[in-house]
Amino acid sequence: MIAETVCSAVAVAGLGIAVVTAYRKRFLSAARLAAYSLVPLGLVMTGAVQWVVDTAFSPTAWAGFGVLGAAWLMFMGTRAAERRSGGTRKERRAAAKAERRDAVAPAASAPSLGQSTRAPAPVAQPKPKSGAADDFSDIEAILKKHGI
């Protein structure tokens, strides 16, 4: 009962301010204020305010909010655990299928999915190294280049 009275008073006060604003030749602002002030009155007339008041003071409603909160925490917990374990069941199944069928045969040098239209790129052959001194020759050349 008090909530309806407060909403009605807010609506009347808002309409009064809208009238004063219209008197000052600010019609667009007055129309906007009138629209905002009619919202609480409309909520009272539809019964939404009574529903909110009944919900706010109902222990059953608060228990329901508690159950919803617990469900939300469970959803978030399972998502966090899922991210730690490596994805969803669907992703794990797809990864297992990908492991079973290899795109490249074990002894092949090219993918076995089909013939490509491009010629294979030439493979550079590494030069044989004579010893540990040759390992540092590249590093020495770079250092000399920079004056170190």
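Lys 25 sits in the loop between H1 and H2 of this predicted model. The backbone there has a positive phi of about 65°, although Lys 25 is not a glycine. Most residues other than glycine have a negative phi. The position of this residue along the chain is just after H1. As for solvent, Lys 25 has a relative accessible area of 65%, and because the cut-off for exposed is over 50%, the residue counts as exposed.

The helix that precedes this loop can be checked for length. H1 covers residues 2–23, which is 22 residues. At 1.5 Å a residue it should span 32 Å, and its end C-alpha atoms are 32 Å apart, so the expected span and the model agree.

Which residues of H1 are buried? They are Glu 4, Cys 7, Ala 11, Gly 14, Ala 18 and Thr 21. These residues cover an arc of only 110° around the axis, which means that they are on the same side of H1. An α-helix has 3.6 residues a turn, so residues three or four places apart point the same way. The other side of H1 carries exposed residues, namely Ile 2, Thr 5, Val 12, Val 19 and Tyr 23. What do the buried residues of H1 pack against? Their partners are helix H2 (27–46) and helix H3 (48–56).

Thr 21 shows this packing at the level of one residue. Thr 21 belongs to helix H1, and its relative accessibility is 11%; because buried means under 20%, Thr 21 counts as buried. With neighbours within four places in sequence left aside, Thr 21 is in contact with Arg 26, Ser 29, Ala 30 and Leu 33. For one of these partners, Leu 33, there is also a backbone distance: the C-alpha atoms of Thr 21 and Leu 33 are separated by 8.6 Å, and the two residues are 12 residues apart along the chain.

Further along the chain, helix H4 spans residues 59–85 and includes Phe 75. Trp 62 is found in helix H4 as well. Is Trp 62 buried or exposed? With a relative accessible area of 52%, Trp 62 is exposed. Apart from neighbours within four places in sequence, its contacts are with Thr 55 and Ala 56. Phe 75 has a relative accessibility of 57% and therefore counts as exposed. Together with Trp 72, Leu 73 and Met 76, Phe 75 makes a nonpolar surface patch of about 470 Å².

The remaining values concern the chain as a whole. The chain has 7 helices and 0 strands, and from the N terminus on its elements run α-α-α-α-α-α-α. Of the 148 residues in the chain, 10% are buried. Thr 21, at 11% relative accessibility, counts among the buried residues. The chain exposes about 13100 Å², and carbon and sulfur atoms supply 67% of this area. Among the contacts in the chain with a separation of 6 or more, 30% are accounted for by residues 24 or more positions apart.

Notes
Residues are numbered from 1 along each chain as its sequence is written. This is a predicted model: local features need pLDDT of at least 70, side-chain atom pairs count only at pLDDT 80 or more; totals for chains, interfaces and linings use all residues. Side-chain values use heavy atoms; hydrogens and water are left out. Helices (H or I, at least four residues) and strands (E, at least two) are DSSP runs, numbered from the N terminus. The expected span of a helix is 1.5 Å times one less than its number of residues. Buried means under 20% relative accessible area, exposed over 50%, partly exposed in between (1.4 Å probe, protein chains only). The arc is that of the directions from the helix axis to the C-beta atoms. Contact means heavy atoms within 4.5 Å. Patches are made of residues with over 30% relative accessible area and no salt bridge: like charges are joined within 9 Å, nonpolar side chains (Val, Leu, Ile, Met, Phe, Trp, Tyr) within 5 Å. Accessible areas come from the Shrake-Rupley method with a 1.4 Å probe; for residues, only the protein chains shown count as cover. A salt bridge is a side-chain nitrogen of Lys or Arg within 4 Å of a carboxyl oxygen of Asp or Glu.
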